[in-house]
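This report describes one chain through its architecture, its residue contacts, its charged pairs and its surface. The sequence and the structure come next, and the sections after them take up one topic each.

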Amino acid sequence: MSMTTVPATVDRATVTPSRTEPVGRSSWPLDRRDLGILAVAYAALVGVGALVGTFLTGWAADSPLGRLDIAVSEWFAAQRTDSLNTLTNIGSGFSDTLTVVVALAVLAGLFALLWRRWDEITLLATALALEVTSFVSIAYVVGRNRPPIEQLDPSPPTSGFPSGHTAAALALYVGLALIVAMHSYRRIWHRLAAGLAGAAVVAVAVSRMYRGMHFLTDVTFGALLGAACLAVAWYVVRPRTATPTPTPGKLVPVEDAR
């Protein structure tokens, strides 16, 4: 058995690709099965969230965990300055509803221009849609009060548990980091995207606690909720990264079975 070289125009199954090109579905990628999975995931997330929230507002309210929640909120209130008030207002705005909606609209146009497929924007939109519906339902069922300190933002109609801002930040920014990883093979871009995503989520979570809008357990469960929604969206959308494409004219080794 010997090794020979052949032009890279042979069948793709017999060559080692030298570069990759994104592939995906140009039609809407969600079918009835996918919608069914999302419905089950929504029910499961709301069920778990309701149990955790009921635990926090019931037995755990007078436990060490409940006292930790209050102590952290009071600590943040004691650190307030005009400069930090301004910075945390910016940090909280990273995942405001308007910010998320505008970001999705801009990214939809950018992704369509770059890759002409639905996968990337559907991943983000699905994760955020699941997050917001789950968050609103959990907040309605639990009805947890805000921390017993001055709130620096107007209180929204939803309750304090979980932190929707933190959940949305994780779904959006970590989702973007995954998309960067899908389309880049350089580790430096992976690390940069992951670092920026992590920084954005932490900035939102800390800002919401500083501004008296959420307890520590609110933002912790919010982060877990956002991660779960992104994981479900990834499974449902199943975005594909690339397909092998040989470089014209390049010789690549293949095994000669003779």
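## Two buried helix positions

At a relative accessibility of 18%, S137 counts as buried, because the class covers every residue under 20% relative accessible area. In this predicted model, S137 belongs to helix α5, and once neighbours within four places in sequence are set aside, the residues in contact with S137 are Y42 and V46.

C229, a residue of helix α8, is likewise classed as buried, with a relative accessibility of 0%. Apart from neighbours up to four places away in sequence, C229 makes contact with L45, A127, L130 and E131. The C-alpha atom of C229 lies 8.2 Å from that of T126, although 103 residues separate the two along the chain.

## Overall architecture

The chain contains eight helices and four strands, and their order along the sequence is β-β-α-α-α-α-α-α-α-α-β-β. Of its 258 residues, 42% count as buried. Among contacts in the chain with a separation of 6 or more, 87% are between residues 24 or more positions apart.

The area exposed by the chain comes to about 13,900 Å², of which carbon and sulfur atoms supply 67%.

## A loop residue between α1 and α2

A60 is placed in the loop that runs between α1 (32–57) and α2. How far is A60 covered, that is, does A60 count as buried or exposed? A60 counts as buried, its relative accessibility being 1%. With neighbours within four places in sequence left aside, the contacts of A60 are F55, L65 and G66.

## Salt bridges

Side chains of opposite charge can pair when their charged atoms come close. The count for this chain comes to six salt bridges. One of them joins D34 and R33, whose closest N and O atoms are 3.9 Å apart, a separation that falls inside the 4 Å limit for such a pair. The two partners of this bridge have these accessibilities: D34 is buried at 0% relative accessible area, whereas R33 is partly exposed at 49%.

In the salt bridge between R117 and E120, the closest N and O atoms are 2.3 Å apart, and R117 and E120 are both buried. D153 and R211 form another salt bridge, with 2.9 Å between the closest N and O atoms. This pair links distant parts of the chain, since D153 lies in the loop between α5 (119–142) and α6 while R211 lies in the loop between α7 and α8 (216–237), 58 residues apart. D153 and R211 are both buried.

## A network of charged residues

Which residues are joined into one network by salt bridges that share partners? They are D69, R144 and D218. Within this network, D69 is located in helix α2 (residues 64–78), and D69 counts as buried at 2% relative accessibility. Not counting residues up to four places away in sequence, D69 touches R144, F215, L216 and T217, so that its contacts include R144, a residue of the network by the criterion of heavy atoms within 4.5 Å.

## Aromatic rings

The chain has four aromatic pairs. A ring also takes part in an arrangement with a charge: the charged end of R80 sits over the ring of Y210, at 5.8 Å from the centre of that ring.

## A nonpolar surface patch

V180, I188, W189, L192 and L196 together make a nonpolar surface patch of about 500 Å². Helix α7 (residues 187–210) gives the most to this patch, contributing four residues, while V180 has its place in helix α6 (residues 164–183).

Why can V180 be part of such a patch? V180 is partly exposed, with a relative accessible area of 31%, and V180 can therefore be included, because patches are made of residues with over 30% relative accessible area.

Key:
Residues are numbered from 1 along each chain as its sequence is written. This is a predicted model: local features need pLDDT of at least 70, side-chain atom pairs count only at pLDDT 80 or more; totals for chains, interfaces and linings use all residues. Side-chain values use heavy atoms; hydrogens and water are left out. Patches are made of residues with over 30% relative accessible area and no salt bridge: like charges are joined within 9 Å, nonpolar side chains (Val, Leu, Ile, Met, Phe, Trp, Tyr) within 5 Å. Accessible areas come from the Shrake-Rupley method with a 1.4 Å probe; for residues, only the protein chains shown count as cover. A salt bridge is a side-chain nitrogen of Lys or Arg within 4 Å of a carboxyl oxygen of Asp or Glu. Helices (H or I, at least four residues) and strands (E, at least two) are DSSP runs, numbered from the N terminus. Buried means under 20% relative accessible area, exposed over 50%, partly exposed in between (1.4 Å probe, protein chains only). Rings of Phe, Tyr and Trp (its six-membered ring) pair if their centres lie within 6.5 Å; planes under 30 degrees apart count as stacked, over 60 as edge-to-face and the rest as tilted. A charge sits over a ring if NZ of Lys or CZ of Arg is within 6 Å of the ring centre and within 35 degrees of the ring normal.
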